[in-house]
Structures are given as C-alpha cells and as structure tokens.
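Welcome, and please load the model in your viewer. We will go from one selection to the next and look at what is there.

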Amino acid sequence: MSQSVFVIGAGAAGMMAAVTAASKGYDVTVFEKNEKPGKKLYITGKGRCNITNACDMEDLFQNIVTNRKFMYSSLYGFDNRAVIDFFEQQGLHTKVERGNRVFPISDKSSDVIGVLSNAMRKAGVRVRYMTAVEDIIVEQNCVKGVILSGGKKEWADNVIFATGGRSYPVTGSDGKGMEILAGHGHGMKPVHPALVPMNVKEEFIKDMQGLSLKNVRGSFYFKSKQGKKPVYEEFGELLFTHFGISGPIVLSASSFLAKYLSNEEVIFKIDLKPALSFGQLDDRILREFEKNINRDFKNSLDALLPKKMIPVMIAYCGIDPNKKINVISKEERQNLVKALKEFTMTVVSLRGYNEAIITQGGIDVKEINPATMESKQIQHLFLAGELLDVDALTGGFNLQIAWSTGHLAGESVY
C-alpha cells in the first residue's frame, strides 16, 4: 500500500502539491468545496493569469513583502524558471510581458487550470468536488485524517492544507482553513486585505472618476509624520475611482499600509510632474502662461493636465478660474507649482476582501519548517499557499509563492 495524502483545496498551491506528491507515487485525494478547481486562478490577472515573473532571483525576493527569508528553500527548490518549464512541458506555451510578467500565450486563465487538471488526472490524483473539510483528526501531535461536513471521518498518512486566504471570498477563500489550524493551536498573524484599492476622504475624488494617470510619483505618509520619509513611494500608474484610488502604485502600497491603516490616517501625495524640479516646473508654467497671456486661468492648463483634472486642480490651488493670466501673482503661480508637485489627499481605509487580490497575514511561519512546509506542531501536516503569513507585490509573485510552497509540500510528504 502506498502512503496516502489528502490535499485540502484545489487552488494553485493545492493542485501543484497534489501533482508533485502523486508523481512520487503517493495515493493522493484532493478535497475541494467548489464544483470545479481553480476558481480564484480563473480571475487572476483579469482572467489572463499572470503565472509568475521572469525576473532574477534577487528581484523575486525583493518583491516579497512579508517573510521573504522563509521562502528561500521553497523558491530555490522550485523557482520561476521551473514553473515556466512545468507549464511548457504540460503543453501550455507562455510569453513574457512588461515588468517580466509571464502569461499563457492564449491569455486564458482557463488554460492554466486545464493544464493543472490534466496533470492531476495523468498523475492519478482523485479530486472530490463539492466536498468541504470541517476539521482535521489529530492524535498525539500527528494528523491522521479529516472530518468532512456531515461528520464523516476519512483517514490519511499526510494532509496538505492549501485552503487560501480571505480575498475574493466568492471563490471559496473564506479563511476556514486558517480557523481550523488555529483551533489546533497554530498561531495566526492578523489578516488584512492587500493589493487592494483605497478609500479617500476628499469629495473631489468623485469628479475624477475613471481618470488614469501615467508616469506620476505617489508617496504615502503617516498623518502624524507628514513631510517626513514616506512609508511607501513608487513611480508609475494610478486610477481615480468613485471611492478613492486604485491602480498599480496604490495596490502595491496597500501591502505596506494594511497593518497600520486601522489606527492612523495616511496622507497620499502625487507628484504629477516628477521629471521636473519645482524651479523647472515654474519655468514651464511661465512659458504656458506667456502663450495664454490674455486668457482666463481655467483655459490655460490644457498642456499641463488631463481635461478631467483641470476643474479639480483649479479649486485645489485656490486661484479664481476666471482670473486673467496676465494678473496672476508669483505667489499664486507657485501655489500651482506646489499643487502639481504635491497633489494631496487623505486615505482613510482599504477596500474589503471582495476587491483584494490577496490576504496579508495568516498562519505564523515560525511554526512551519521552511525546508519542508511541515507543521512544527503537528507531524505529517503540511501547509502551502496564501493561508501562510507570506505575501508579495503584483506581477506574478504571489502565484510563484503558491507554486513553490505547494511543490515543496508535495515533495516533503513521507
């Protein structure tokens, strides 16, 4: 009789763990409470599935926000190149896009799920859909099996938990797996939505809804330390929404701000002209004003700002929109310079798990052996994926964490 392995959850980490364990000759059963696998994978990368990032390993580690040292063994054991090779060997051809993001050539996340489903089938993995695990059976600090909804007990030599976090709960990521593990004594770090848009206090946000800005610098400060070193700063793109701000700069920043925002408001400053110093921008505005010397102020900003932002900026910098350019004072002009270099708003909170790409926090990694993914508290119990207190920025890094930890868990069963 071969050793049996139960995998709880048919997401990215769970399917990779199942394929890996089965390819070593283990008898593997996956329990999935949904009617099909990879429900969250299906919506990742806007339905295109950014499976990993093709950067070098140093950059890969730099993009891990929480507990990157914990990831050394799993990432070096199954790195981004190994992930790409795995999918290519299974017949899924990939391409590398801006920022080293790796996608299937088809641009279909369903193809990624199909490849993993086929790999499980070829490896002899059984998948039991619409089957929820309510608890695990633990005897003398060793896992012995699972308890299904309805109270039915099933026995196994190893159990791999890959139940995900709390983001996008409609896909089945409801935090239940974390609760089961916490009930058996596993420590849990507080969980927050991460890689998520932000709510902003100022009403003028609504007037810019749908406006996307490129090549700007966004800086986030604690209100109590405004003007000091930013908590997070990035050059890139952002998007205004009816509730606040989104886009790459904002999503990345949310991972650094999540654990603080419940206690403190955050100031967000946008430098709309990061390539110019204050002095250079003043010279540029002077040139624009000279071209529009007899026009009203409200009609002089087309070369400096997107149309949707002009009325907001006029109100923000406090210059009469009907004032003629030729009577605007130096002080007023410098107020405009400051407004363009430090367009400021107040972040009051993050959006919820329904809009979060990932969960930050989860099972304390101090209680997991990083070389095997086995629990230090319960023998033969392995953990993988988003339920761990490990998270990264956007760009395929979080899925790489799922593949690497899932692969290592599957490799380590015994």
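**First stop: a small sheet**

Begin with the open sheet of three strands, whose order is β3-β6-β5 with antiparallel pairing. β3 (52-53) and β5 (94-97) are at its edges with a single partner strand each, so one side of each has no neighbour in the sheet. Strands here are DSSP E runs of at least two residues and helices are H or I runs of at least four, both numbered from the N terminus; two strands pair if DSSP finds at least two bridges between them. Now select β5 together with β6 (residues 101-104): four bridges join these antiparallel strands. Within that pair, E97 stands opposite R101 of β6.

A word on the model itself: it is predicted, so local features need pLDDT of at least 70 and side-chain atom pairs count only at pLDDT 80 or more, while totals for chains, interfaces and linings use all residues. Residues are numbered from 1 along each chain as its sequence is written, and side-chain values use heavy atoms, with hydrogens and water left out.

**Zoom out: the whole chain**

Show the full protein chain, which has twelve helices and 21 strands. Its C-alpha atoms fill a box of roughly 90 × 45 × 35 Å along the principal axes. Of the 414 residues, 54% count as buried, meaning under 20% relative accessible area, with exposed over 50% and partly exposed in between (1.4 Å probe, protein chains only). Contact is used for heavy atoms within 4.5 Å; among contacts between residues at least 6 apart in sequence, 73% join residues at least 24 apart.

**Next: two covered strands**

Select β1 (residues 4-8), where five of five residues are buried. Which residues cover its two faces? S4, F6 and I8 are buried on one side, and V5 and V7 are buried on the other. In a regular strand, side chains alternate between the two faces of the sheet. Add β2 (residues 27-31), which runs parallel to β1 and is joined to it by five bridges. I8 stands opposite F31 in β2.

Then move to β19 (residues 358-363), another mostly covered strand, with six of its six residues buried. Its antiparallel partner here is β12 (residues 188-194), joined to β19 by five bridges. To find one bridge by eye, pick K189 and look for G362 in β19.

**Into the cores**

A nonpolar core is a set of buried Ala, Val, Leu, Ile, Met, Phe, Trp, Tyr and Cys residues joined through side-chain atoms within 4.5 Å. The largest one has 78 residues, and F87, F161 and W403 touch the most other members. Helix α1 (residues 12-23) gives this core its largest share, nine residues. Apart from this core lies another, of 50 residues, including V216, F240, L257 and A339.

Centre the view on F87. Leaving aside neighbours within four places in sequence, F87 is in contact with I51, L92, V112, V115, L116 and W403.

**Last stop: T405**

Select helix α12 (residues 397-412) and pick out T405. Is T405 buried or exposed? T405 counts as buried because its relative accessibility is 0%. Display its surroundings: beyond neighbours within four places in sequence, the contacts of T405 are M71, S74, M373, A384, G385 and L388.
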